[in-house]
Amino acid sequence: QLQLLESGGGLVQPGGSLRLSCTTSGFTLDYYAIGWFRQAPGKEREGVSCISSSGDSTNSADSVKGRFTISRDRAKNTIYLQMNSLKPEDTAVYYCAAAWGTFWRGSTWPTAVQYDYWGQGTQVTVSS
């Protein structure tokens, strides 16, 4: 059974850091791009960052560029989202998702509806 499980969320002060983990099972990362999304109360779901099936191509939203970094540990089947210089507007539930395809890379990335599998989410709250 294909599963994605997010962890690492919590409460952090503005300017602080968190590292989210997305642990996958039931499939190999070699054939799936993995994306991080977030949704704040009353707002639409927003794509944050994504990484190709090969792990050598990434893309991030302008709102997090220079602050968030996506990476993966293939041996552990885990994708990470390192979040630095956190702001109150980063407060949201963060989800990871998997999109089948080795062609997602460079300037071509899946939209939310093109992701096949989703995790349950982890809450991130940035507040003093």
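Where does Ser-53 lie? In this model, which is predicted, Ser-53 sits in the loop that runs between β5 (46–51) and β6 (58–60). Is Ser-53 buried or exposed? Its relative accessibility is 3%, and because buried means under 20%, Ser-53 counts as buried. Leaving aside residues up to four places away in sequence, Ser-53 touches Leu-29, Asp-30, Tyr-31, Tyr-32, Ala-33, Arg-72, Gly-101 and Thr-102.

One of those neighbours, Asp-30, leads to the charged pairs. The structure holds 6 salt bridges, and I shall present three of them.

Asp-30 pairs with Arg-74, and the closest N and O atoms are 2.6 Å apart. Asp-30 belongs to the loop between β3 and β4, whereas Arg-74 belongs to the loop between β7 and β8, so this salt bridge ties together parts that are 44 residues apart in sequence. Asp-30 has a relative accessibility of 25% and therefore counts as partly exposed.

The second pair is Glu-46 with Arg-38, where the closest N and O atoms are 2.8 Å apart. Glu-46 is partly exposed, at 28% relative accessibility, while Arg-38 is buried, with a relative accessible area of 7%.

The third pair is Asp-90 with Arg-67, with 2.7 Å between the closest N and O atoms. Here Asp-90 comes from the loop between β8 and β9 and Arg-67 from the loop between β6 and β7, so the pair ties together parts that are 23 residues apart in sequence. Asp-90 counts as buried, at 0% relative accessibility, and Arg-67 also counts as buried, at 10%. Which residues are linked in a network of salt bridges? They are Arg-38, Glu-46, Arg-67 and Asp-90.

I turn next to the nonpolar interior. The largest nonpolar core has 28 residues, and those that touch the most other members are Trp-36, Leu-81, Met-83 and Tyr-94. Two or more residues each are given to this core by β3 (18–25), β4 (32–39), β5, β7 (68–73), β8 (78–83), β9 (92–100) and β11 (122–126). The largest share, 4 residues, comes from β9. Apart from this core lies another, of 8 residues, among them Ala-33, Ala-99, Trp-104 and Tyr-115.

Tyr-94 deserves a separate word. Beyond residues up to four places away in sequence, its contacts include Trp-36, Leu-81 and Met-83, which also appear with it in the list of core residues touching the most other members. Tyr-94 further touches Arg-38, a residue of the salt-bridge network. Other contacts of Tyr-94 include Glu-6, Leu-20, Phe-68 and Val-124.

Now to the strands. An open sheet of 4 strands follows the order β1-β3-β8-β7, with antiparallel pairing. Its edge strands are β1 (3–7) and β7, each of which pairs on one side only. On average, neighbouring strands of the sheet are turned by 15° against each other, direction ignored. How many bridges join β7 to β8? There are 6, and the two strands run antiparallel. Within this pairing, Ile-70 has Leu-81 of β8 as its bridge partner.

Finally, I come to Asp-62, in the loop between β6 and β7. Asp-62 is exposed, with a relative accessible area of 66%. The side chain of Asp-62 makes a polar contact with that of Lys-65, at 3.3 Å. Asp-62 and Ser-49 are 13 residues apart along the chain, and 9.7 Å separates their C-alpha atoms.

Note on methods
Residues numbered from 1 in each chain as written. Predicted model: local features only at pLDDT ≥ 70, side-chain atom pairs only at ≥ 80, totals over all residues. Heavy atoms only, no water. Buried < 20%, exposed > 50% of the residue type's maximum accessible area, 1.4 Å probe, protein only. Contact = heavy atoms within 4.5 Å. Core = buried A, V, L, I, M, F, W, Y, C linked by side-chain atoms within 4.5 Å. Pairing = 2+ DSSP bridges. Axes fitted to C-alpha atoms, helices over the stretch in contact; angles between N-to-C directions. Polar contact = N/O pair within 3.5 Å; in protein donor to acceptor, adjacent residues only side chain to side chain. Salt bridge = Lys/Arg side-chain N within 4 Å of Asp/Glu carboxyl O.
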